[in-house]
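Welcome! Please work through the exercises below with the structure open beside you, trying each task before you read its solution.

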Amino acid sequence: MILIINCGSSSLKYQLYTPDLAQVVASGMIAKIGEPEGYIDHFVGHRGEHHRCPVPNHRAAFALMMEYLQSPEYHVIECPRAITAIGHRAVHGGSVFFGSVLVDDAVMKALHECASYAPLHNPCNIIGIEEAQRMFPGTPNVVVFDTAFHQTIPARAHMYALPYELTQEHGIRRYGFHGTSCRYVSQRAADLLNRPIESLSMVVCHLGNGVTMDAVKGGQSIDTSIGFGTFGGVPMGTRAGDFDPAIIFHLVKDRGMSLEEVEEICYKKSGLLGLSGLSNDMREVSEAAAKGNARCQLAVDVFVYHIRKTIGAYAAAMGGLDALVFTAGIGENSAEIRAKVCEGLGFLGVEIDPRANEIARKGHPNISAISARAATLVVPTDEEKMIAIDTVQLTMAQPGAASVQMGHAPSTHGVAAS
Ligand code: ADP
C-alpha cells in the first residue's frame, strides 16, 4: 500500500492508498500539534473516529498515526511492511528541485538547505520524512514539492526588478505555491476537455484559505500569483496579497510600529478578515454580504476584482485563453464567487451557464455556456492523489509497487530523478 503524509506546521494529514491508487483505504488528520486541545480524526471506509488527546510534537503525531493504522479494531495494516512506498508533501524546494524525487542523503541535505525559505513548514516536512525512514526502514520515500511545478516560469515572470546580484545571492525570486494542486487540476481539466494539455492555455484559480492564480500554457506553469513567500497575489483569508511595500516602510518608520507587528498584520489580520472585520471564512463573509453588511460586500468585491484582473493579465501573458478552471474550497463550492469572477469576461470568450454553475459540484464540471469560446470548469483538487501518482511512478522499479490506476493521463511533468 502507498502512504501519503502531509506534515504541516501544526497538523499531520495522511492517506493510505491501494497499490494501484484506485482506492483510499484509510485517511486522517492529527491537528493542533503542540497545543493542549490536540485531536485525531481517523477514517476507514465509512467509519470515522474523533479522539481528543494532546499531541506534543510531530514525532508524537507520527506515532499516533501508526497506532491507528495498526489498530486491530480497523484492520488497516498488520505491520509496517504492508507499506511499499511513502510520499511526502514538501512546501518549498527552492531552486533546487524541479520535480518530485526519491529521498536519499543528498535530497535530505538539500531539503535542510531550503528550510529557511519556508521556516514554518519545511522543518515539519523533514520530520515527517525522518520518522518515515525510522518507522519503515528500507521503504522508499518520495518527496513532492509545492514549488516544483512553477520552476518552468521564465525569468521575465519570476524575477523581481531588484538588484540582480541581491536576488542571486539571497535566492530571491517568485517561487509560487499550490503547484501540486495546479498540476493535478490542469491535467484533469485537459482530460475533461478531451484535449492534449500541450494545446491549452489555462488559468487555474485555486481559491481556498490560501489563493493561487496560475497561468498554465502547454501544461507548464508560466506565471503564478504567490511570490517569494506565501503572501503575494490575490487577497486571501487572512493574508493581504500584493500591496505596495512602501506601506510597510510608512508603518514602521513614520508610524512607529514594529516590523513584527506589521508582519502579523499582513499575514494574519488582512485579506477577507481584515477587510470584513468579521471572518477569514468566505462562507461567513458572503452570507453577511448578502444580508447587507457593507464591509463584507467590500471584502467580496476586492477578492473578486483581483481574481478577475489576474485572469486578464494571464490571458495576455499566454496570448489567449482556452480554459478557466476553479478549484479548492471557494472555487469548488461557491457558485456565487464563480459567477462574480466570470462577469464581464466575455471579451476573453468566458461565459458560464448559470444553471450548470449551480450544480457544478454534482458531477458537472463544465459550466460554460454553449456560446462560450473558452471553457470554464470546476475541478476538485486532490493533492494527495498527485503525490501518490508521483510516488508510484518514482518507485515503480521497487518490489511490491504495482501499476497505477489514475482515471486520467499520468503525469511525467514535474517528476524528475534525484
Ligand atoms: P485551505 O486548504 O487553503 O485551508 P480550503 O481549500 O479548504 O482552504 O478552502 C477554505 C475556504 O473555502 C474557506 O474560505 C471557506 O469558507 C470556503 N468555502 C468552503 N465551502 C464554501 C461554500 N459552500 N461557499 C463559499 N465558500 C466556501
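**Exercise 1.** Find the element that holds Asn6, and decide whether Asn6 is buried or exposed.

*Solution.* Step one: in this predicted model, Asn6 sits in strand β1, which runs over residues 2–7. Step two: look up the relative accessibility of Asn6, which is 10%. Step three: buried means under 20%, so Asn6 counts as buried. Step four: list the contacts, leaving out residues up to four places away in sequence; Asn6 then touches Ser11, Leu12, Lys13, Arg89 and Glu384.

**Exercise 2.** Work out which residues the UniProt annotation "binding site" covers, and why they gather at one spot.

*Solution.* Step one: the unreviewed UniProt entry gives this annotation to Asn6 and Glu383. Step two: they span 378 residues in sequence, yet no two of their C-alpha atoms are more than 9.8 Å apart, so they gather at one spot. Step three: place Glu383, which belongs to helix α15 (residues 383–394). Step four: with neighbours within four places in sequence set aside, Glu383 is in contact with Thr180 and Ser181.

**Exercise 3.** Describe the shell around the ligand: which helix gives the largest share, and how is the shell divided by class?

*Solution.* Step one: pick out the residues that surround the ligand, among them Gly208, Asn209, Gly210, Asp281, Met282 and Ala328. Step two: trace them to helices; α10 (282–290) and α12 (328–333) each supply at least two residues of the shell. Step three: α12 gives the largest share, with four residues. Step four: sort by class, which yields three nonpolar, seven polar and two charged residues.

**Exercise 4.** Find how far polar atoms of Asn209, Gly210 and Asp281 lie from oxygen atoms of the ligand.

*Solution.* Start with the backbone: a polar backbone atom of Asn209 is 3.0 Å from a ligand oxygen, and for a backbone N or O atom of Gly210 the distance is 3.3 Å. Then turn to the side chain of Asp281, where a polar atom lies 2.4 Å from an oxygen atom of the ligand. To finish, consider the ligand's surface: taken alone the ligand exposes 590 Å², and the protein buries 68% of that.

**Exercise 5.** Locate His178 and say whether His178 is buried or exposed.

*Solution.* Step one: His178 lies in the loop between α5 (164–170) and α6 (179–193). Step two: the relative accessibility of His178 is 14%, so this residue counts as buried. Step three: beyond neighbours within four places in sequence, His178 has contacts including Asp146, His150, His206 and Gly210. Gly210 also belongs to the residues surrounding the ligand.

Methods
Residues are numbered from 1 along each chain as its sequence is written. This is a predicted model: local features need pLDDT of at least 70, side-chain atom pairs count only at pLDDT 80 or more; totals for chains, interfaces and linings use all residues. Side-chain values use heavy atoms; hydrogens and water are left out. UniProt positions are given in the numbering used here, feature names are shortened, and annotations may be inferred rather than shown by experiment. Buried means under 20% relative accessible area, exposed over 50%, partly exposed in between (1.4 Å probe, protein chains only). Contact means heavy atoms within 4.5 Å. A residue is near a molecule or strand if one of its heavy atoms lies within 4 Å of it. A polar contact is a pair of N or O atoms within 3.5 Å; within protein, one must be able to donate a hydrogen and the other to accept it, and residues adjacent in sequence count only if both atoms are side-chain atoms. Accessible areas come from the Shrake-Rupley method with a 1.4 Å probe; for residues, only the protein chains shown count as cover. Ala, Val, Leu, Ile, Met, Phe, Trp, Tyr, Cys and Pro count as nonpolar, Asp, Glu, Lys and Arg as charged, and the others, Gly among them, as polar.
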